[in-house]
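Me: I am in my first year and would like a close look at a single part of this protein, namely how its helices pack against one another. Please take it slowly, and then place that part beside the rest of the chain.

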Amino acid sequence: MGTPLSPLSPQADATRTLIVVTVALASVIGLLVTGLVAYAVIRYRDRGTGAEPLQTGGNRKVEISYTLIPLAIQFGLFILTVLAMRRAEPAVADRPPDLVIVAHQWWWELHYPGANVVTANEIHLPAGKAMLAELQSADVIHEVWVPQLGPKMDTVPGKPNHLIMEADRPGEYLGNCAEYCGAGHAWMRLRVIVQSPQDFEAWERQQALPPEPATGSAQRGRAVFQARTCVQCHAIQGLALTGNIGPDLTHFASRATLGAGVADNTPAELARWLNDPQSLKPGCYMPRMRLTPDELTDLMAYLEGLR
Ligand code: CUA
């Protein structure tokens, strides 16, 4: 995972600059103070003569300087911090969000309101565009953090927060929930896929479409999906029910991972996940459905066809 010291957005760059300046300044002061103490300890040590050291009391010049200099340093850091905050968290005003992130125990629900897209756990962004994300929570407090892209921000139930999500260049950047939220906290991964604006638009268009019609084994899998109650928790465009306890699976097969990043989205891992979710992600709310081998085969054919 990248760190805040390798920033890839103006917001993250503001944070990095503040970290570097603060640590550099603190290091210089720390070395200076430690050096002076070491010097005094050695230079004025008891040399066994038994003589009293020179006694002094009060020195106005020294007292004023050791009050004013730290005050000036603090004030400088205050100004730098305010400037960094303004760069990292610009004012939102009444602008509608480009992206809505709803945190759940333990996955991320993602909406692109302008494009009518609902997905999960993998945020797609166009490179170089400052996307305004509205952050919500469906249950407890979580926290969005993609270290290379900028500040952390809590998702608070009942109180939407805002965060600018932006990346200078295409690539994949990893994040994670950064506020302890229960058993699945460590496996609440967030994958940010930054694309060229054209690729992003193509992705948005594709995600807005309903899935291809299921045939054969996949069609039987679609019936399994509904009969074995998967549909109570997961939405798929075109099915009558729209559950929202787990991720929307309309384009499940187009995602790189499953279980919010707990495993790669491969047939072997998907079979493991459907057979026993708890073995992959302990504590998660997906129940063990005890599918027969035929049901599993058909369900997998259906899910893997959801491109
Ligand atoms: Cu969600 Cu920690």
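Reply: What follows begins with the packing of the helices and then moves outward to the cores and some loops.

Please keep in mind throughout that this is a predicted model. As a general starting point, a pair of packed helices is described by two values, the angle between their axes and the distance between those axes.

Let us begin with helix 7, which covers residues 293-304, and with helix 4, which covers residues 216-227. The axes of these two helices are 7 Å apart, and the angle between them is about 105°. Angles from 65 to 115 degrees count as roughly perpendicular, and helix 4 and helix 7 are therefore described in that way. On the side of helix 4, the contact is built from Ser217, Ala218, Arg220, Gly221, Arg222, Val224 and Phe225, while helix 7 contributes Glu295, Thr297, Asp298, Leu299, Ala301, Tyr302 and Leu303. Sorted by class, this contact of helix 4 with helix 7 holds seven nonpolar, three polar and four charged residues.

One residue of helix 7 deserves a closer look, and that is aspartate 298. Its relative accessibility is 11%, and because buried means under 20%, aspartate 298 counts as buried. If neighbours within four places in sequence are set aside, aspartate 298 is in contact with Ser217, Ala218, Arg220 and Gly221.

Helix 7 also meets helix 5, which is formed by residues 267-275, and here the axes come within 11 Å and cross at roughly 125°. That angle makes helix 5 oblique to helix 7, and the crossing of these two helices is right-handed. From helix 5, the residues Pro267, Leu270, Ala271, Leu274 and Asn275 meet Leu296, Leu299, Met300, Leu303 and Glu304 of helix 7. In terms of class, the contact of helix 5 with helix 7 has eight nonpolar residues, one polar residue and one charged residue.

We can now turn to the nonpolar cores. The largest nonpolar core has 32 residues, and of these Ile101, Trp108, Tyr112, Ile123, Leu125 and Met165 touch the most other members. Several elements each supply at least two residues of this core, among them strand 1 (99-104), strand 2 (107-112), strand 4 (122-126) and helix 3 (197-208). Apart from the largest core lies another one, of 28 residues, and its members include Ile236, Ala271, Leu274 and Tyr302.

Finally, some loops are worth a careful look. In general, most residues other than glycine have a negative phi, and most peptide bonds are trans. Glutamine 105 and tryptophan 106, however, are joined by a cis peptide bond, with omega about 0°, and tryptophan 106 sits in the loop between strand 1 and strand 2. Asparagine 116, in the loop between strand 2 and strand 3 (117-120), has a positive phi, near 65°. Alanine 260, in the loop between strand 11 (257-258) and strand 12 (263-264), also has a positive phi, of about 55°. As for their surroundings, asparagine 116 is exposed, with a relative accessible area of 64%, whereas alanine 260 is buried, with a relative accessible area of 2%.

Methods: Residues numbered from 1 in each chain as written. Predicted model: local features only at pLDDT ≥ 70, side-chain atom pairs only at ≥ 80, totals over all residues. Heavy atoms only, no water. Axes fitted to C-alpha atoms, helices over the stretch in contact; angles between N-to-C directions. Helix = DSSP H or I, 4+ residues; strand = E, 2+ residues; numbered from the N terminus. Parallel < 35°, antiparallel > 145°, perpendicular 65-115°, else oblique. Left-handed = near helix turned anticlockwise from the far one by under 90°. Contact = heavy atoms within 4.5 Å. Nonpolar A, V, L, I, M, F, W, Y, C, P; charged D, E, K, R; others polar. Core = buried A, V, L, I, M, F, W, Y, C linked by side-chain atoms within 4.5 Å. Buried < 20%, exposed > 50% of the residue type's maximum accessible area, 1.4 Å probe, protein only.
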